[in-house]
Amino acid sequence: MGSHKPYVAMLFIQFVYAGMALFSKAAIAKGMSPYVFVVYRQACASLVLAPFAFFLERKKDVPLTYGMLCKIFLASLCGLTLSLNLYYEAIDFTSATFAAATTNTIPAITFIMAVFLGMESIPMKHLHGIAKVLGSLVGLSGAMVFAFVKGPPLKFMDGHPGTEQGISDSSAEHRSKGEWIKGSLMMLAANTTWSLWLIFQGSIIKQYPAKLRLTTLQCFFSCIQSAVLAAVVEWNPSSWKLAWDLNLLSITYCGVVVTGITYWLQVWAIEKKGPVFISMFTPLALIITAVFSAFLWKETLHWGSVGGTVLLVVGLYGVLWGKNREDGRSETNEQRQESKEEIMLECITHH
């Protein structure tokens, strides 16, 4: 069961991210500033995580040097502050469907970055290497088909009129070509900074293994950074007011469950399986969000979505199979090396 924990954790994370898309889209559609939303979200996560980090990890003697503090600050700026603010601002210039689709470029971006940094290899002479490359391409193609190829509607969904379909798609119709390009570039930048954050975590965790403290520090730094940005952009005090409504519920959900619990689980999973393994699960959130949107907002599902889903699943498991096969070969090689060392040691002791 222990070997399956990272897979269960990643499935849970994708359901949580689907809920984040639904809640945050509803809050911003009601007029809440995306910059202020990020500030409150990170502040909520910091307040919730701080007591757990203090009591659960107070016995961990992990020194926090000035150099490590700077690394955590930069990782927060790159992966949390910039990525979240760019993501929510890009939605305003494009559409939620486009945002959900382009988020699935993260696996490809992460894989390419990891290869250039020497964290991942592409052994094309082996079947698992081919599976990782083809799986990435098929999964990315599936995400694009899911988002942009509609086709005829599914018959069992045909009787439900799209009462709130305009929240996700109609905004794109009123955008100019220049705004759409601007939003597309901002979304690409958001995905790139998030991929960098995934890669940064691998090296930071090795030097600072207190995962709860690490997550709390990153949320705290991101809150400060986002507050400075929001203060410049949203100087109107009315933009910062909160009430007992959907906005507060969305902030609480995103702050406690998403930014707090999910980020900690993601850091733990990165330590176990690496950044590329984590990023390969991101297409699932698109599928989950589409399904819930169909029932909550009566959005119509099309056969193009079904085709995209098939490609996503095939690509996802192709990469996971290649990753597991590669890990198995590495463990086998390590065992062989240990056996050789034991034989050599026995020879030395017997002589």
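A helix, as the word is used here, is a DSSP run of type H or I with at least four residues, numbered from the N terminus. With that in mind, the reader can follow this predicted model from its interior to its surface.

The structure holds one cavity of 30 Å³ or more, and about 80 Å³ of space lies in the largest cavity. Helix α6, which runs over residues 127–148, gives the most to the lining of this cavity, with four residues. Helices α5 (106–116) and α13 (303–350) are likewise among those that each supply at least two residues of the lining. The residues that line the cavity include N104, P107, G135, S136, L140, M280, P283 and L316.

One of these lining residues, P283, leads on to helix α12, which spans residues 282–296 and in which P283 is one of the buried residues. Helix α12 has 15 residues and reaches 22 Å from its first C-alpha to its last, close to the 21 Å expected at 1.5 Å a residue. This helix is mostly covered, since eleven of its 15 residues are buried, among them T282, L284, I287, A290 and A294.

Yet α12 also takes part in the surface, where F15, V291, F292, F295 and L296 form a nonpolar patch with about 510 Å² of accessible area together. The largest share of that patch, four residues, comes from α12. F295, which is found in α12, counts as exposed because its relative accessible area is 56%, above the cut-off of 50%.

Notes. Residues are numbered from 1 along each chain as its sequence is written. This is a predicted model: local features need pLDDT of at least 70, side-chain atom pairs count only at pLDDT 80 or more; totals for chains, interfaces and linings use all residues. Side-chain values use heavy atoms; hydrogens and water are left out. Patches are made of residues with over 30% relative accessible area and no salt bridge: like charges are joined within 9 Å, nonpolar side chains (Val, Leu, Ile, Met, Phe, Trp, Tyr) within 5 Å. Accessible areas come from the Shrake-Rupley method with a 1.4 Å probe; for residues, only the protein chains shown count as cover. A salt bridge is a side-chain nitrogen of Lys or Arg within 4 Å of a carboxyl oxygen of Asp or Glu. Buried means under 20% relative accessible area, exposed over 50%, partly exposed in between (1.4 Å probe, protein chains only). The expected span of a helix is 1.5 Å times one less than its number of residues. On a 1 Å grid over the protein atoms alone, a cavity is a set of points where a 1.4 Å probe fits but cannot get out, and a pocket is an open set with protein on both sides within 12 Å along at least five of seven lines; lining residues have an atom within 4 Å of a point. Grid points are joined across faces, edges and corners, and a volume is the space filled by probe spheres set on the points.
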